[in-house]
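Welcome, and please take a moment to look over the sequence and the model below. A short guided tour follows.

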Amino acid sequence: MVVNGEINTLSENDPISKKEIKDGLYYDEKRKEWGYDFKYTDSFGKRKNARKAGFALKRDAKYEMELEKNFRKNNNNYDITLDQLYYEYLKIHTSEVLPTQLSKIERYTAKFIMPYFKKKKVRKITAKEIEDWQSELYKMKKKDGNKFKASYLNTIRRVFSAILNYGLLHSYIDRNPFSLVKPFKDPYEITNTEKEVWSVNEFQQFISVIDDEKWMLFFTYLWSTGLRIGEARGVQFKDIVVNSKTGVTSIYVNKSIPAFTKGKKYSIHPPKNKMNRYVEIDNYLAAALQSYARKQKRYVGWKPERFLFGFDMPLSISAIDYNRKKFIEASQVKYLDNHGFRHSHITHLLINGMDIMSVSQRVGHKDPNITYKVYAHVIPDYKAKIIEETKKTVPFLSPYLLKNEINAIP
(Lines give C-alpha, C1' and ligand atoms only; values in the text may rest on other atoms or scores of the structure.)
Protein backbone atom coordinates (compact mmCIF):
# COMPACT_ATOMS: atom_id res chain seq x y z
CA MET A 1 0.00 0.00 0.00
CA VAL A 2 1.22 3.53 -0.72
CA VAL A 3 1.08 5.86 2.29
CA ASN A 4 2.20 9.45 1.73
CA GLY A 5 3.96 8.36 -1.43
CA GLU A 6 5.93 5.58 0.28
CA ILE A 7 5.85 1.82 -0.26
CA ASN A 8 4.26 0.04 2.69
CA THR A 9 4.86 -3.52 3.88
CA LEU A 10 1.57 -5.35 4.40
CA SER A 11 0.90 -7.54 7.41
CA GLU A 12 -0.42 -11.08 7.00
CA ASN A 13 -3.93 -9.98 7.94
CA ASP A 14 -4.17 -7.03 5.53
CA PRO A 15 -6.72 -7.67 2.72
CA ILE A 16 -5.36 -7.34 -0.80
CA SER A 17 -7.52 -7.01 -3.93
CA LYS A 18 -5.21 -8.72 -6.38
CA LYS A 19 -6.05 -10.30 -9.71
CA GLU A 20 -3.76 -13.32 -9.25
CA ILE A 21 -0.40 -14.27 -7.85
CA LYS A 22 2.07 -15.68 -10.32
CA ASP A 23 5.58 -16.60 -9.18
CA GLY A 24 5.00 -14.44 -6.12
CA LEU A 25 4.03 -11.31 -8.09
CA TYR A 26 0.61 -9.79 -8.58
CA TYR A 27 -1.07 -6.69 -10.03
CA ASP A 28 -3.73 -4.97 -7.92
CA GLU A 29 -6.42 -3.73 -10.30
CA LYS A 30 -8.11 -1.57 -7.68
CA ARG A 31 -4.97 0.25 -6.56
CA LYS A 32 -3.22 0.11 -9.93
CA GLU A 33 0.06 -1.12 -8.44
CA TRP A 34 2.36 -4.14 -8.38
CA GLY A 35 3.27 -6.14 -5.31
CA TYR A 36 4.54 -9.48 -4.15
CA ASP A 37 3.31 -12.17 -1.77
CA PHE A 38 5.19 -15.38 -0.95
CA LYS A 39 5.37 -17.87 1.92
CA TYR A 40 8.43 -18.71 3.99
CA THR A 41 9.30 -20.60 7.18
CA ASP A 42 10.76 -18.55 10.00
CA SER A 43 13.45 -19.72 12.44
CA PHE A 44 10.76 -20.94 14.84
CA GLY A 45 9.27 -23.29 12.23
CA LYS A 46 6.19 -21.18 11.55
CA ARG A 47 4.88 -20.55 8.04
CA LYS A 48 4.47 -16.87 7.29
CA ASN A 49 3.68 -14.55 4.39
CA ALA A 50 6.03 -11.88 3.11
CA ARG A 51 4.07 -9.10 1.44
CA LYS A 52 4.88 -5.71 0.04
CA ALA A 53 2.87 -3.45 -2.26
CA GLY A 54 3.07 -0.03 -3.89
CA PHE A 55 5.36 -0.66 -6.89
CA ALA A 56 4.60 1.24 -10.08
CA LEU A 57 6.49 -1.25 -12.25
CA LYS A 58 6.53 -5.04 -12.27
CA ARG A 59 10.33 -5.16 -12.51
CA ASP A 60 10.65 -3.07 -9.34
CA ALA A 61 8.38 -5.46 -7.44
CA LYS A 62 10.32 -8.46 -8.78
CA TYR A 63 13.68 -6.92 -7.83
CA GLU A 64 12.52 -6.15 -4.27
CA MET A 65 11.00 -9.63 -3.92
CA GLU A 66 14.25 -11.32 -4.97
CA LEU A 67 16.15 -9.26 -2.40
CA GLU A 68 13.76 -10.29 0.39
CA LYS A 69 13.74 -13.93 -0.70
CA ASN A 70 17.53 -13.99 -0.67
CA PHE A 71 17.65 -12.31 2.73
CA ARG A 72 15.15 -14.77 4.22
CA LYS A 73 16.98 -17.71 2.68
CA ASN A 74 20.19 -16.69 4.44
CA ASN A 75 18.54 -15.37 7.55
CA ASN A 76 15.24 -16.76 8.76
CA ASN A 77 15.13 -14.21 11.56
CA TYR A 78 14.14 -11.34 9.31
CA ASP A 79 11.20 -10.55 11.61
CA ILE A 80 12.90 -11.23 14.93
CA THR A 81 11.67 -9.00 17.74
CA LEU A 82 13.86 -7.40 20.38
CA ASP A 83 12.78 -9.76 23.16
CA GLN A 84 13.65 -12.74 20.93
CA LEU A 85 17.04 -11.24 20.06
CA TYR A 86 17.69 -10.45 23.73
CA TYR A 87 16.94 -14.06 24.66
CA GLU A 88 19.54 -15.26 22.15
CA TYR A 89 22.05 -12.64 23.30
CA LEU A 90 21.58 -13.58 26.95
CA LYS A 91 21.89 -17.29 26.23
CA ILE A 92 25.29 -16.74 24.62
CA HIS A 93 26.64 -14.21 27.13
CA THR A 94 25.49 -15.82 30.41
CA SER A 95 28.71 -17.86 30.65
CA GLU A 96 30.93 -14.97 29.56
CA VAL A 97 30.20 -12.35 32.23
CA LEU A 98 30.36 -12.19 36.01
CA PRO A 99 27.09 -12.53 37.95
CA THR A 100 27.19 -8.83 38.89
CA GLN A 101 27.42 -7.81 35.22
CA LEU A 102 24.70 -10.26 34.22
CA SER A 103 22.44 -8.96 36.98
CA LYS A 104 22.90 -5.39 35.74
CA ILE A 105 22.18 -6.39 32.12
CA GLU A 106 18.97 -8.13 33.16
CA ARG A 107 17.90 -5.27 35.42
CA TYR A 108 18.59 -2.50 32.90
CA THR A 109 16.90 -4.42 30.09
CA ALA A 110 13.77 -5.22 32.07
CA LYS A 111 13.35 -1.73 33.52
CA PHE A 112 14.53 0.63 30.79
CA ILE A 113 14.52 -1.17 27.43
CA MET A 114 11.77 -3.79 27.17
CA PRO A 115 8.91 -1.46 28.19
CA TYR A 116 9.61 0.51 25.00
CA PHE A 117 10.85 -2.07 22.47
CA LYS A 118 9.89 -5.59 23.64
CA LYS A 119 7.82 -6.67 20.60
CA LYS A 120 9.43 -4.28 18.14
CA LYS A 121 11.04 -5.91 15.09
CA VAL A 122 14.74 -5.14 15.42
CA ARG A 123 15.12 -4.31 11.73
CA LYS A 124 12.51 -1.57 12.18
CA ILE A 125 14.15 0.17 15.14
CA THR A 126 15.25 3.56 13.81
CA ALA A 127 17.72 6.18 15.00
CA LYS A 128 14.77 8.52 15.62
CA GLU A 129 13.16 5.97 17.94
CA ILE A 130 16.46 5.62 19.82
CA GLU A 131 16.64 9.41 20.20
CA ASP A 132 13.05 9.50 21.51
CA TRP A 133 13.83 6.67 23.92
CA GLN A 134 16.87 8.52 25.24
CA SER A 135 14.76 11.63 25.73
CA GLU A 136 12.27 9.62 27.79
CA LEU A 137 15.06 8.16 29.93
CA TYR A 138 16.56 11.59 30.50
CA LYS A 139 13.22 12.80 31.90
CA MET A 140 12.94 9.89 34.33
CA LYS A 141 13.64 10.48 38.02
CA LYS A 142 14.90 8.32 40.86
CA LYS A 143 12.97 7.68 44.07
CA ASP A 144 14.61 10.72 45.65
CA GLY A 145 13.27 12.97 42.88
CA ASN A 146 16.63 13.54 41.19
CA LYS A 147 17.38 12.69 37.58
CA PHE A 148 19.65 9.81 36.64
CA LYS A 149 23.23 10.80 35.87
CA ALA A 150 24.31 10.81 32.23
CA SER A 151 26.99 8.22 33.03
CA TYR A 152 24.33 5.87 34.44
CA LEU A 153 22.07 6.36 31.40
CA ASN A 154 25.01 5.71 29.08
CA THR A 155 25.58 2.38 30.83
CA ILE A 156 21.98 1.44 29.96
CA ARG A 157 22.57 2.72 26.44
CA ARG A 158 25.63 0.47 26.07
CA VAL A 159 23.60 -2.57 27.13
CA PHE A 160 20.95 -1.83 24.47
CA SER A 161 23.61 -1.16 21.83
CA ALA A 162 25.40 -4.42 22.69
CA ILE A 163 22.18 -6.38 22.11
CA LEU A 164 21.74 -4.74 18.70
CA ASN A 165 25.43 -5.31 17.89
CA TYR A 166 24.76 -8.99 18.47
CA GLY A 167 21.95 -8.70 15.94
CA LEU A 168 24.29 -6.96 13.52
CA LEU A 169 26.90 -9.69 13.94
CA HIS A 170 24.35 -12.35 13.04
CA SER A 171 22.84 -10.37 10.14
CA TYR A 172 19.47 -9.74 11.80
CA ILE A 173 20.03 -6.07 11.02
CA ASP A 174 22.35 -4.34 8.58
CA ARG A 175 23.14 -1.36 10.82
CA ASN A 176 23.05 -0.50 14.49
CA PRO A 177 20.94 2.69 14.84
CA PHE A 178 23.01 3.69 17.88
CA SER A 179 25.84 4.54 15.49
CA LEU A 180 23.76 7.54 14.39
CA VAL A 181 22.73 8.75 17.87
CA LYS A 182 24.91 10.70 20.28
CA PRO A 183 25.24 9.41 23.86
CA PHE A 184 23.85 11.17 26.90
CA LYS A 185 25.82 14.19 28.04
CA ASP A 186 25.56 16.32 31.16
CA PRO A 187 28.03 19.24 31.29
CA TYR A 188 27.67 19.44 35.06
CA GLU A 189 28.43 15.80 35.75
CA ILE A 190 31.87 14.71 36.86
CA THR A 191 33.54 12.71 34.07
CA ASN A 192 35.98 9.81 34.27
CA THR A 193 38.87 12.26 34.16
CA GLU A 194 37.47 14.34 37.03
CA LYS A 195 36.57 11.72 39.61
CA GLU A 196 36.38 12.74 43.25
CA VAL A 197 39.50 11.80 45.21
CA TRP A 198 40.92 12.65 48.61
CA SER A 199 44.25 14.27 49.31
CA VAL A 200 46.50 12.69 51.96
CA ASN A 201 45.36 15.35 54.45
CA GLU A 202 41.68 14.59 53.78
CA PHE A 203 42.24 10.87 54.31
CA GLN A 204 44.12 11.47 57.54
CA GLN A 205 41.32 13.78 58.73
CA PHE A 206 38.79 11.03 57.92
CA ILE A 207 40.75 8.26 59.65
CA SER A 208 41.40 10.37 62.76
CA VAL A 209 37.76 10.19 63.89
CA ILE A 210 37.51 6.39 63.71
CA ASP A 211 37.73 4.83 67.16
CA ASP A 212 37.05 1.24 66.06
CA GLU A 213 40.18 -0.75 65.17
CA LYS A 214 38.47 -2.94 62.59
CA TRP A 215 37.04 -0.02 60.62
CA MET A 216 40.21 2.06 60.98
CA LEU A 217 42.23 -0.81 59.49
CA PHE A 218 39.65 -1.60 56.82
CA PHE A 219 39.53 1.92 55.38
CA THR A 220 43.34 2.27 55.66
CA TYR A 221 43.64 -1.04 53.81
CA LEU A 222 41.33 0.27 51.03
CA TRP A 223 43.33 3.50 50.80
CA SER A 224 46.73 1.79 50.78
CA THR A 225 46.01 -1.03 48.32
CA GLY A 226 43.57 0.42 45.78
CA LEU A 227 41.62 -2.84 45.74
CA ARG A 228 38.18 -2.95 44.19
CA ILE A 229 35.52 -3.28 46.88
CA GLY A 230 34.66 -6.85 45.80
CA GLU A 231 38.35 -7.81 45.95
CA ALA A 232 38.75 -6.16 49.36
CA ARG A 233 35.78 -8.11 50.75
CA GLY A 234 37.18 -11.38 49.44
CA VAL A 235 40.62 -11.27 51.10
CA GLN A 236 41.13 -13.95 53.77
CA PHE A 237 43.77 -14.13 56.53
CA LYS A 238 45.65 -16.74 54.51
CA ASP A 239 46.01 -14.21 51.66
CA ILE A 240 48.42 -12.06 53.70
CA VAL A 241 51.81 -13.44 52.69
CA VAL A 242 55.41 -12.51 53.43
CA ASN A 243 58.16 -12.94 50.83
CA SER A 244 60.81 -15.09 52.51
CA LYS A 245 63.60 -13.46 50.47
CA THR A 246 62.69 -9.78 50.66
CA GLY A 247 60.58 -9.74 53.80
CA VAL A 248 57.95 -7.66 51.98
CA THR A 249 54.32 -8.35 52.92
CA SER A 250 51.76 -8.66 50.13
CA ILE A 251 48.05 -9.30 49.82
CA TYR A 252 47.27 -12.06 47.36
CA VAL A 253 44.24 -10.94 45.34
CA ASN A 254 42.71 -14.04 43.77
CA LYS A 255 38.96 -13.61 44.23
CA SER A 256 36.12 -11.12 44.36
CA ILE A 257 32.74 -11.14 46.08
CA PRO A 258 30.00 -9.46 44.01
CA ALA A 259 27.59 -7.05 45.62
CA PHE A 260 24.60 -8.71 43.97
CA THR A 261 24.12 -12.46 44.16
CA LYS A 262 20.69 -13.94 43.62
CA GLY A 263 19.51 -16.56 46.08
CA LYS A 264 22.76 -16.70 48.05
CA LYS A 265 24.33 -14.81 50.91
CA TYR A 266 27.53 -14.46 48.92
CA SER A 267 29.49 -16.17 46.17
CA ILE A 268 33.17 -16.12 45.28
CA HIS A 269 34.39 -15.31 41.78
CA PRO A 270 37.71 -14.48 40.11
CA PRO A 271 38.86 -10.84 40.21
CA LYS A 272 37.81 -8.56 37.38
CA ASN A 273 39.66 -9.47 34.17
CA LYS A 274 40.54 -12.79 35.92
CA MET A 275 43.91 -11.31 36.91
CA ASN A 276 45.30 -12.72 40.15
CA ARG A 277 48.05 -10.52 41.59
CA TYR A 278 50.15 -9.74 44.65
CA VAL A 279 49.70 -6.24 46.04
CA GLU A 280 52.66 -5.21 48.20
CA ILE A 281 51.92 -3.15 51.31
CA ASP A 282 54.09 -0.90 53.50
CA ASN A 283 55.59 -2.03 56.83
CA TYR A 284 53.15 0.08 58.89
CA LEU A 285 50.05 -1.55 57.43
CA ALA A 286 51.71 -4.98 57.44
CA ALA A 287 52.52 -4.70 61.17
CA ALA A 288 49.01 -3.45 61.97
CA LEU A 289 47.37 -6.32 60.07
CA GLN A 290 49.66 -8.89 61.71
CA SER A 291 48.77 -7.50 65.16
CA TYR A 292 45.10 -7.57 64.23
CA ALA A 293 45.41 -11.20 63.03
CA ARG A 294 47.04 -12.28 66.29
CA LYS A 295 44.11 -10.85 68.25
CA GLN A 296 41.61 -12.69 66.06
CA LYS A 297 43.41 -16.00 66.54
CA ARG A 298 42.39 -15.94 70.19
CA TYR A 299 38.77 -16.51 69.27
CA VAL A 300 37.42 -20.06 69.23
CA GLY A 301 37.05 -21.46 65.73
CA TRP A 302 39.58 -19.14 64.14
CA LYS A 303 41.08 -20.42 60.90
CA PRO A 304 43.14 -18.83 58.12
CA GLU A 305 40.20 -19.21 55.70
CA ARG A 306 38.26 -16.58 57.61
CA PHE A 307 37.68 -13.29 55.83
CA LEU A 308 40.06 -10.55 56.90
CA PHE A 309 37.37 -8.24 58.28
CA GLY A 310 34.10 -10.16 58.05
CA PHE A 311 35.37 -13.43 59.56
CA ASP A 312 32.89 -16.24 58.73
CA MET A 313 31.08 -13.94 56.30
CA PRO A 314 32.57 -11.15 54.15
CA LEU A 315 31.81 -7.59 55.21
CA SER A 316 28.45 -6.55 53.84
CA ILE A 317 28.25 -3.61 51.44
CA SER A 318 25.58 -2.04 53.65
CA ALA A 319 27.91 -2.13 56.70
CA ILE A 320 30.75 -0.59 54.69
CA ASP A 321 28.48 2.14 53.32
CA TYR A 322 26.99 2.92 56.72
CA ASN A 323 30.36 3.31 58.45
CA ARG A 324 31.98 5.19 55.57
CA LYS A 325 29.16 7.77 55.54
CA LYS A 326 29.15 8.00 59.34
CA PHE A 327 32.88 8.76 59.53
CA ILE A 328 32.77 11.15 56.56
CA GLU A 329 30.08 13.14 58.35
CA ALA A 330 32.03 13.08 61.62
CA SER A 331 35.29 14.20 59.97
CA GLN A 332 33.58 16.80 57.72
CA VAL A 333 35.58 15.83 54.64
CA LYS A 334 33.97 15.83 51.19
CA TYR A 335 31.88 12.84 50.15
CA LEU A 336 33.67 9.83 48.64
CA ASP A 337 32.14 6.51 47.60
CA ASN A 338 33.80 3.12 48.09
CA HIS A 339 35.41 3.20 44.65
CA GLY A 340 36.80 6.64 45.48
CA PHE A 341 39.42 5.02 47.74
CA ARG A 342 40.72 3.16 44.69
CA HIS A 343 40.73 6.34 42.58
CA SER A 344 42.54 8.20 45.36
CA HIS A 345 45.17 5.46 45.61
CA ILE A 346 45.88 5.44 41.87
CA THR A 347 45.88 9.25 41.64
CA HIS A 348 48.30 9.57 44.58
CA LEU A 349 50.74 7.10 42.99
CA LEU A 350 50.69 8.76 39.57
CA ILE A 351 50.99 12.32 40.93
CA ASN A 352 54.10 11.21 42.79
CA GLY A 353 55.76 9.90 39.64
CA MET A 354 55.13 6.16 39.79
CA ASP A 355 55.37 4.62 36.33
CA ILE A 356 52.06 3.78 34.72
CA MET A 357 52.94 0.15 33.96
CA SER A 358 53.64 -0.64 37.63
CA VAL A 359 50.50 1.16 38.78
CA SER A 360 48.37 -0.63 36.18
CA GLN A 361 49.67 -4.04 37.27
CA ARG A 362 49.20 -3.19 40.95
CA VAL A 363 45.53 -2.26 40.60
CA GLY A 364 44.65 -5.06 38.16
CA HIS A 365 43.89 -3.09 35.02
CA LYS A 366 43.75 -5.30 31.96
CA ASP A 367 45.85 -2.86 29.95
CA PRO A 368 48.03 0.14 30.92
CA ASN A 369 46.13 2.11 28.27
CA ILE A 370 43.06 1.90 30.52
CA THR A 371 45.04 3.48 33.36
CA TYR A 372 46.33 6.19 31.06
CA LYS A 373 42.93 6.94 29.54
CA VAL A 374 41.27 7.46 32.94
CA TYR A 375 44.15 9.14 34.79
CA ALA A 376 46.10 11.02 32.11
CA HIS A 377 45.01 14.33 33.59
CA VAL A 378 46.90 13.66 36.87
CA ILE A 379 50.14 12.38 35.36
CA PRO A 380 52.82 15.05 35.91
CA ASP A 381 54.22 16.90 32.93
CA TYR A 382 57.94 16.16 32.89
CA LYS A 383 58.86 18.36 29.91
CA ALA A 384 60.98 20.77 31.99
CA LYS A 385 62.65 17.90 33.83
CA ILE A 386 63.47 16.18 30.53
CA ILE A 387 65.17 19.34 29.30
CA GLU A 388 67.23 19.60 32.49
CA GLU A 389 68.29 15.95 32.30
CA THR A 390 69.28 16.35 28.65
CA LYS A 391 71.23 19.49 29.51
CA LYS A 392 73.39 17.51 31.97
CA THR A 393 74.67 15.34 29.11
CA VAL A 394 76.01 18.22 26.99
CA PRO A 395 78.03 20.47 29.35
CA PHE A 396 80.56 21.11 26.56
CA LEU A 397 77.99 23.43 24.96
CA SER A 398 78.01 25.81 27.94
CA PRO A 399 80.25 28.42 26.19
CA TYR A 400 77.36 29.17 23.83
CA LEU A 401 75.11 29.94 26.80
CA LEU A 402 77.76 32.31 28.28
CA LYS A 403 77.86 34.16 24.97
CA ASN A 404 74.11 34.64 25.14
CA GLU A 405 73.64 32.85 21.86
CA ILE A 406 69.99 31.86 22.51
CA ASN A 407 67.84 33.48 19.85
CA ALA A 408 64.98 32.34 17.70
CA ILE A 409 66.25 30.18 14.87
CA PRO A 410 64.93 31.47 11.54
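Is the crossing in which α7 passes α9 left-handed or right-handed? The crossing is left-handed. Keep in mind during the tour that this is a predicted model.

**Two helices that pack**

Helix α7 covers residues 213-225 and helix α9 covers residues 283-296. Their axes lie 11 Å apart, and the two helices pack at an angle of about 145 degrees. From α7, the contact is made by Glu213, Lys214, Leu217, Thr220, Tyr221 and Ser224. From α9, the partners are Leu285, Ala288, Tyr292 and Lys295.

**Salt bridges**

Next come the charged pairs. The count for this model comes to 16 salt bridges. Here are some of them, with the distance between the N and O atoms.

| Lys partner | Acidic partner | N to O distance |
|---|---|---|
| Lysine 119 | Aspartate 83 | 2.8 Å |
| Lysine 334 | Glutamate 196 | 3.6 Å |
| Lysine 255 | Aspartate 239 | 2.6 Å |

Let us begin with the salt bridge between lysine 119 and aspartate 83. Lysine 119 sits in the loop between α3 (99-117) and α4 (127-139), while aspartate 83 belongs to helix α2 (residues 82-93), so the pair ties together parts that are 36 residues apart in sequence. The two partners have their own surroundings: lysine 119 is exposed, with a relative accessible area of 60%, whereas aspartate 83 is buried, with a value of 17%.

Now turn to the salt bridge between lysine 334 and glutamate 196. Lysine 334 is found in the loop between α10 (317-331) and α11, and glutamate 196 in the loop between α5 (150-169) and α6 (200-207); the pair therefore ties together parts that are 138 residues apart in sequence. Lysine 334 counts as partly exposed at 35% relative accessibility, and glutamate 196 also counts as partly exposed, at 36%.

The side chains of aspartate 239 and lysine 255 meet in a salt bridge as well. This pair links distant parts of the chain, 16 residues apart: aspartate 239 is in the loop between α8 (229-234) and β6 (240-242), and lysine 255 is in the loop between β7 (249-253) and β8 (277-280). Both of these residues are buried. Elsewhere, salt bridges that share partners join Glu196, Glu202 and Lys334 into one network.

**A glycine beside the buried pair**

Which residues is glycine 234 in contact with, leaving aside its neighbours within four places in sequence? They are Asp239, Lys255, Ile257 and Phe307. Glycine 234 lies in helix α8 and counts as buried, at 1% relative accessibility. Its C-alpha atom is separated by 5.9 Å from that of lysine 255, although the two residues are 21 residues apart along the chain.

**Helix α11**

Our last stop is helix α11, which has 14 residues (338-351). From its first C-alpha to its last it reaches 21 Å, close to the 20 Å expected at 1.5 Å a residue. How many residues of α11 are buried? The number is 11 of 14, so the helix is mostly covered. Among them are Phe341, His343, His345, Ile346, Leu349 and Leu350.

Both ends of α11 are worth a look. At its start, a side-chain oxygen of aspartate 337 comes to within 3.2 Å of the backbone nitrogen of histidine 339. Just after α11, glycine 353 takes a positive phi of about 85 degrees.

How values were computed
Residues are numbered from 1 along each chain as its sequence is written. This is a predicted model: local features need pLDDT of at least 70, side-chain atom pairs count only at pLDDT 80 or more; totals for chains, interfaces and linings use all residues. Side-chain values use heavy atoms; hydrogens and water are left out. Helices (H or I, at least four residues) and strands (E, at least two) are DSSP runs, numbered from the N terminus. The expected span of a helix is 1.5 Å times one less than its number of residues. Buried means under 20% relative accessible area, exposed over 50%, partly exposed in between (1.4 Å probe, protein chains only). A polar contact is a pair of N or O atoms within 3.5 Å; within protein, one must be able to donate a hydrogen and the other to accept it, and residues adjacent in sequence count only if both atoms are side-chain atoms. A salt bridge is a side-chain nitrogen of Lys or Arg within 4 Å of a carboxyl oxygen of Asp or Glu. Axes are lines fitted to C-alpha atoms, for helices over the stretch in contact, and angles run from 0 to 180 degrees between N-to-C directions. A crossing is left-handed if the near helix is turned anticlockwise from the far one by less than a right angle, and right-handed if clockwise. Contact means heavy atoms within 4.5 Å.
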